[in-house]
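Okay, thanks for making room for me today. Let me put the structure up, and then I'll walk you through it piece by piece.

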Amino acid sequence: MQSGDEIQSFKVRRGRTGPTSVAARGRLWPRYGIDPPYDGLVTGRPLVLEIGFGMGEATALMAAAQPEVDLLAVDVHPAGVAALLRRIEAAGLSNVRVVDGDAVPLLQALPAGSLREVRVFFPDPWPKARHAKRRLLRPSFAALVASRLAPGGCLHLATDWPAYVEHALAVLEGWDTEVVARGGRPLTGYERRARTAGRAATDLLARPPQPS
Ligand SMILES: C[S@@+](CC[C@H](N)C(=O)[O-])C[C@H]1O[C@@H](n2cnc3c(N)ncnc32)[C@H](O)[C@@H]1O
């Protein structure tokens with residue numbers, strides 16, 4: 001029986017990646033990229049995972065603002081991966097590692113309790129009812145995130161879709177959830193376009209129930 005858990009939260013984008021992106025990737029991947037089986041990510045420093053970094057604008061700014069934190073950034077979008085690699089180099093960042101792929105197998109490969117925070121900024125909203133099963137935030141994903149968070153760790157979700165907030169609160173039932181001000185989170189590329197279209201962001205912080 002299909003549980004729906006195997007449905008991907010993204011559509012692989014077609015089209016050629018430009019020569020600048022290909023060259024950046026070839027040059028910088030050995031320095032900043034991490035391939036399966038994702039060894040060596042847990043160093044003893046606080047580890048934060050950002051899922052779906054897009055073009056990486058906010059990722060690079062957050063990494064520069066938090067040099068004491070190791071940032072693991074994952075996306076499936078080749079042009080975005082190349083863009084983030086170039087931002088890391090340009091800003092001289094040494095605390096970012098990039099994964100090109102689906103966040104779910106990455107999370108599965110990480111040790112339990114290894115993450116201080118999981119950031120999901122503007123997940124694809126999949127607004128049509130028949131596509132809702134594609135949403136990244138679903139019960140199996142929430143359980144996986146909960147298992148990989150360290151005690152006291154949190155999921156930080158931002159979305160411009162009110163229906164996604166409702167969806168998140170339903171999926172995260174039993175978690176300690178609060179709507180927060182965006183605080184120090186930099187504006188993301190997607191968020192800038194959403195604002196122009198008149199859609200404001202909601203930020204949600206969620207902590208999983210602690211085992212009793
Ligand atoms: C709407 S975009 C937002 C990008 C960025 N966070 C921003 O705010 O500008 C969502 C991103 O999530 C990525 N994504 C979706 N599902 C993913 C998954 N399972 N693993 C990794 N990345 C994923 C997509 O490729 C896309 O870049």
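So, let's start at the ligand, keeping in mind that this is a predicted model. There are 23 residues around the ligand, and the closest are Gly52, Gly54, Ala103, Thr188 and Tyr190. Which elements give two or more residues to that shell? They are β2, α4, which is 103-109, and α7, which is 189-196. The largest share comes from α7, with three residues. If you sort the shell by class, you get 12 nonpolar residues, seven polar ones and four charged ones.

Okay, let's zoom out to the whole chain. You're looking at seven helices and seven strands. Start at the N terminus and follow along: the elements go α-β-α-β-α-β-α-β-α-β-α-β-α-β. The C-alpha trace spans about 45 × 40 × 40 Å along its principal axes. A compact globule with 212 residues would have a radius of gyration near 17 Å, and the chain has 17 Å, so the two agree. As for burial, 31% of the 212 residues count as buried. And here's one about contacts: take those between residues at least 6 apart in sequence, and 80% of them join residues at least 24 apart.

Now the sheet. In what order do the seven strands sit? They form an open sheet that goes β3-β2-β1-β4-β5-β7-β6, and the pairing is mixed. At the edges you have β3, residues 96-100, and β6, residues 176-180, each pairing on one side only. Neighbouring strands here are turned by 20 degrees against each other on average, ignoring direction. Over at the β6 edge, β6 and β7 (residues 202-207) run antiparallel and are joined by five bridges. To pick out a bridge pair, Asp176 has Arg207 in β7 as its partner.

Helix α2, residues 57-65, packs on this sheet and touches β1 (47-51), β2 (70-75), β3 and β4 (115-121). The direction of α2 makes about 170 degrees with that of β2.

Let's stay on that helix for a moment, since Ala64 lies in α2. Is Ala64 buried, exposed or partly exposed? It has 17 C-beta neighbours inside 10 Å, so Ala64 counts as partly exposed. Setting aside neighbours within four places in sequence, Ala64 is in contact with Ala91 and Leu93. You can also check Ala64 against Asn95: they're 31 residues apart along the chain, and their C-alpha atoms are separated by 8.3 Å.

Last stop, a few backbone details. Find the loop between α1 (19-32) and β1, because that's where Pro37 lies. The peptide bond from Pro36 to Pro37 is cis, with omega near 10 degrees. Tyr38 is in the loop between α1 and β1 too, and its phi is near 60 degrees, a positive value in a residue other than glycine. Tyr38 has 19 other C-beta atoms within 10 Å, so it's partly exposed.

Then there's Phe122, in the loop between β4 and α5, which is 139-148. Phi of Phe122 is also near 60 degrees, again positive in a residue other than glycine. Buried or exposed, though? Phe122 is buried, because 21 other C-beta atoms lie within 10 Å. And that's my tour, thanks for listening.

Conventions
Residues are numbered from 1 along each chain as its sequence is written. This is a predicted model: local features need pLDDT of at least 70, side-chain atom pairs count only at pLDDT 80 or more; totals for chains, interfaces and linings use all residues. Helices (H or I, at least four residues) and strands (E, at least two) are DSSP runs, numbered from the N terminus. The radius of gyration is taken over C-alpha atoms; the globule rule is 2.2 Å times the number of residues to the power 0.38. A residue is buried if 20 or more other C-beta atoms lie within 10 Å of its own, exposed if 12 or fewer, and partly exposed in between; C-beta atoms are placed from the backbone. Two residues are in contact if their C-beta atoms, placed from the backbone, lie within 7 Å. Two strands pair if DSSP finds at least two bridges between them. Axes are lines fitted to C-alpha atoms, for helices over the stretch in contact, and angles run from 0 to 180 degrees between N-to-C directions. A residue is near a molecule or strand if its C-beta atom, placed from the backbone, lies within 6 Å of it. Ala, Val, Leu, Ile, Met, Phe, Trp, Tyr, Cys and Pro count as nonpolar, Asp, Glu, Lys and Arg as charged, and the others, Gly among them, as polar.
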